[in-house]
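Work through the following exercises with the sequence and the model in view, and try each task before reading its solution.

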Amino acid sequence: VQLQAYGGGSVQAGGSLRLSCVASGTIFSINDMGWYRQAPGLQRDLVASITSGGSTNYADSVKGRFTISRDSAKNTVYLQMSSTKPEDTAVYYCNANVRMRSWSYVTRYWGQGTLVTVSS
């Protein structure tokens, strides 16, 4: 299973950016999917997550500004970033809890990370 993230780049404060992450490979089902971020010198923290049923969870710092969504038919998770701030600058990682076959355990996979830079 591989996760490929797209959409990182540079944006001015107050602007918008959309990240996408596609899971591919042997996939029977995907449970939770999510986005984490890691700024230089800091730990990797949860930004947002979404269950297979569509329930969402957000870090307090992004509530009301970021929106997570998924297209289960495409094994894809999105992060719509709006009203961005310089403190949103980080490498963003997607993850997915994947069951490869009906009898398999659920395993968490990570994408390679995509850099988002927000300038003031």
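**Exercise 1: Ser61 and its surroundings**

Ser61 sits in the loop that runs between strand 6 (56-58) and strand 7, where strands are DSSP runs of E with at least two residues, numbered from the N terminus. This is a predicted model, in which local features need pLDDT of at least 70 and side-chain atom pairs count only at pLDDT 80 or more, while totals for chains, interfaces and linings use all residues. Residues are numbered from 1 along each chain as its sequence is written, and side-chain values use heavy atoms, with hydrogens and water left out.

Task: Decide how Ser61 is classed by its accessibility, and find the side chain with which the side chain of Ser61 makes a polar contact.

Solution. Step one is to recall the classes: buried means under 20% relative accessible area, exposed means over 50%, and partly exposed lies in between (1.4 Å probe, protein chains only). Ser61 has a relative accessibility of 42%, and therefore it counts as partly exposed. Step two is to look for the partner: the side chain of Ser61 makes a polar contact with the side chain of Arg37 at 3.3 Å. A polar contact is a pair of N or O atoms within 3.5 Å; within protein, one must be able to donate a hydrogen and the other to accept it, and residues adjacent in sequence count only if both atoms are side-chain atoms.

**Exercise 2: The salt bridges**

Task: State how many salt bridges the structure holds, and work out which residues are linked in a network of them.

Solution. Begin with the rule, by which a salt bridge is a side-chain nitrogen of Lys or Arg within 4 Å of a carboxyl oxygen of Asp or Glu. The structure holds three of them. One joins Asp88 to Arg37, with the closest N and O atoms 3.0 Å apart. Asp88 lies in the loop between strand 8 and strand 9 and Arg37 in strand 4 (residues 29-38), so this pair ties together parts that are 51 residues apart in sequence. Another joins Asp88 to Arg65, where the closest N and O atoms are 2.8 Å apart. Because Arg65 belongs to the loop between strand 6 and strand 7 and Asp88 to the loop between strand 8 and strand 9, this pair ties together parts that are 23 residues apart in sequence. Arg37, Arg65 and Asp88 are thus linked in a network of salt bridges.

Now check the accessibility of these residues. Asp88 is buried, with a relative accessible area of 0%; Arg37 counts as buried at 14%, and Arg65 counts as buried at 11%. The side chains of Asp60 and Lys63 also meet in a salt bridge (3.1 Å, N to O), and Asp60 counts as exposed at 64% relative accessibility.

**Exercise 3: Arg70**

Task: Which side chain of opposite charge is nearest to Arg70, and which backbone oxygens does the side chain of Arg70 reach?

Solution. First place the residue: Arg70 lies in strand 7 (residues 66-71). Next consider charge, where Lys and Arg count as positive and Asp and Glu as negative, while His and the chain ends are not counted. Arg70 is buried yet has no salt bridge, and the nearest side chain of opposite charge, Asp32, is 5.7 Å away. Finally, turn to the backbone: the side chain of Arg70 reaches the backbone oxygen of Ile30 at 3.3 Å and the backbone oxygen of Thr51 at 3.1 Å.

Conventions. Helix = DSSP H or I, 4+ residues; strand = E, 2+ residues; numbered from the N terminus.
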